[in-house]
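I opened my notebook to look up a few things in this model, starting with how a pair of helices meet. Here is what I was looking at.

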Amino acid sequence: MQSLRIGVIGLGNMGAAHIKNHIPQVEGLTLTAVADMDESRLGNYDVPGFTTSKELIESGLVDTVLICTPHFDHTESGILALNHGLHTLLEKPISVHKADAERLLAADTGKVVFGAMFNQRTDPRYRRLRQLIQSGTLGSLQRIHWTITNWFRPEAYYKSGGWRATWAGEGGGVLLNQCPHNIDLYQWMFGVPTRITAVCGFGKFHEIEVEDSVTAIFEHGNGAVGVFETSTCELPGTNRLEVAGDLGRAVLEGDNLTLDLYPTSNREFSNTVQELFPWRKPDSTVETFSGNGDQHTGIIRNFVAAINGTEPLLAPAPEGIHSVEMANAMIWSGLERRAIELPMDAAGYAAVLKHLQTK
Ligand SMILES: NC(=O)c1ccc[n+]([C@@H]2O[C@H](COP(=O)([O-])OP(=O)(O)OC[C@H]3O[C@@H](n4cnc5c(N)ncnc54)[C@H](O)[C@@H]3O)[C@@H](O)[C@H]2O)c1
């Protein structure tokens, strides 16, 4: 196993947490440089510090970087790091909008490991549900319903950083900051929809200009329909994911995954049963999970293992374009009150966002 040097760019909440809690737990990885445009943050670390990502990337002091800056910078620092041949791990979302994500991914030559901090992919609940779907245990999917409203954030949170919850600084609200995890998990488990229709509340419950509450309908090419609801305005909030397929239903809430499964197709049953109001008793089980997996440490550990060639990358950054596009499509649909077809027009949405930023 090679010994790797990592530089962290962006020393706010997340960069500091990665340095304090996650990187030290990963064998073979040493922090050797930091960067933040706020010079006062550099002194907290016992390694060389730089005020720009470019200086860190070109310093010769690092083999890998972890980019934890505000969202618009992900594209710029990511391109610099990839062009410099550094293994690159990007905080979510990989970019603010699809056109930027395309620019970023164009810099990926495949010669370095390029990952994204989709830490919830390490959660055993979602890994199990994905495995059930991929193995066909639920049959062909009919319906998905994810209520993910336990992202409550107060006004003080939004006031804690000038870039937060603005079109110019963050490029969106709950869909760009909190939900990239859930949107990524959604597409990881169920695939990317072909049409998105959404109702968005822009500053509906907070003094912000971006979306803080969303209800979206995702239409899939295979006929499945998803409902995705999220909010930073609700207490106590809910995280409940229900998936119905031809062979039964899975409901994930809290630590429990409840499975109601049939050995044969419900469609076939519907076609052949002679009773007018029949019901079939499913085989019901509850699987209980403890802990949420290795989360951020797990992603960094896996990133290092991928560099060493001992594990496949769990969260490749190129897959991050899907959650960016789905978030963009929800916002666009909410603004214009119409359905957005996917793949969506990246340049068209970039122009819409630019207009919002200059209003
Ligand atoms: N994976 C997770 O669980 C998780 C959780 C929270 C935040 N995040 C993500 O982490 C990133 C950072 O969020 P945060 O809450 O730490 O933000 P923050 O505002 O606390 O920190 C951002 C830091 O970046 C610095 N910075 C800004 N622009 C810069 C530039 N161009 N070059 C160098 N430094 C720059 C700022 O001075 C600040 O110190 C975001 O992408 C956010 O979505 C991820």
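**Entry 1, a helix pair.** I began with α4 and α11, which pack at an angle of about 120° with their axes 7 Å apart. That angle makes α4 oblique to α11; angles under 35 degrees count as roughly parallel, over 145 as roughly antiparallel, 65 to 115 as roughly perpendicular and the rest as oblique. Axes are lines fitted to C-alpha atoms, for helices over the stretch in contact, and angles run from 0 to 180 degrees between N-to-C directions. On the α4 side I found Lys98, Ala99 and Glu102 making the contact, and on the α11 side Ala346, Ala347, Tyr349 and Ala350. Contact here means C-beta atoms, placed from the backbone, within 7 Å. The residues of this contact divide into five nonpolar, no polar and two charged (Ala, Val, Leu, Ile, Met, Phe, Trp, Tyr, Cys and Pro are nonpolar, Asp, Glu, Lys and Arg charged, and the others, Gly among them, polar).

**Entry 2, ground rules.** I noted that this is a predicted model, where local features need pLDDT of at least 70, side-chain atom pairs count only at pLDDT 80 or more, and totals for chains, interfaces and linings use all residues. Residues are numbered from 1 along each chain as its sequence is written. Helices (H or I, at least four residues) and strands (E, at least two) are DSSP runs, numbered from the N terminus.

**Entry 3, what is buried in α4?** In this helix, residues 98-106, I listed Lys98, Ala99, Asp100, Ala101 and Leu104 as buried (20 or more other C-beta atoms within 10 Å of the residue's own; exposed is 12 or fewer, partly exposed in between, with C-beta atoms placed from the backbone). Their cover includes α3 (71-83), α10 (320-336) and α11 (346-358).

**Entry 4, the sheet.** Six strands form an open sheet with parallel pairing, in the order β3-β2-β1-β4-β5-β6; two strands pair if DSSP finds at least two bridges between them. β3 (49-50) and β6 (114-116) each have a single partner strand, so one side of each is left without a neighbour in the sheet. I counted three bridges joining β5 (residues 87-90) to β6, and Leu89 has Gly115 as its bridge partner in β6.

**Entry 5, the ligand.** I found 24 residues surrounding the ligand, with Gly10, Gly12, Asn13, Met14 and Glu91 the closest (near means a C-beta atom, placed from the backbone, within 6 Å). α1 gives the most to this shell, with three residues. The shell divides into eight nonpolar, ten polar and six charged residues.

Note on methods
Two residues are in contact if their C-beta atoms, placed from the backbone, lie within 7 Å.
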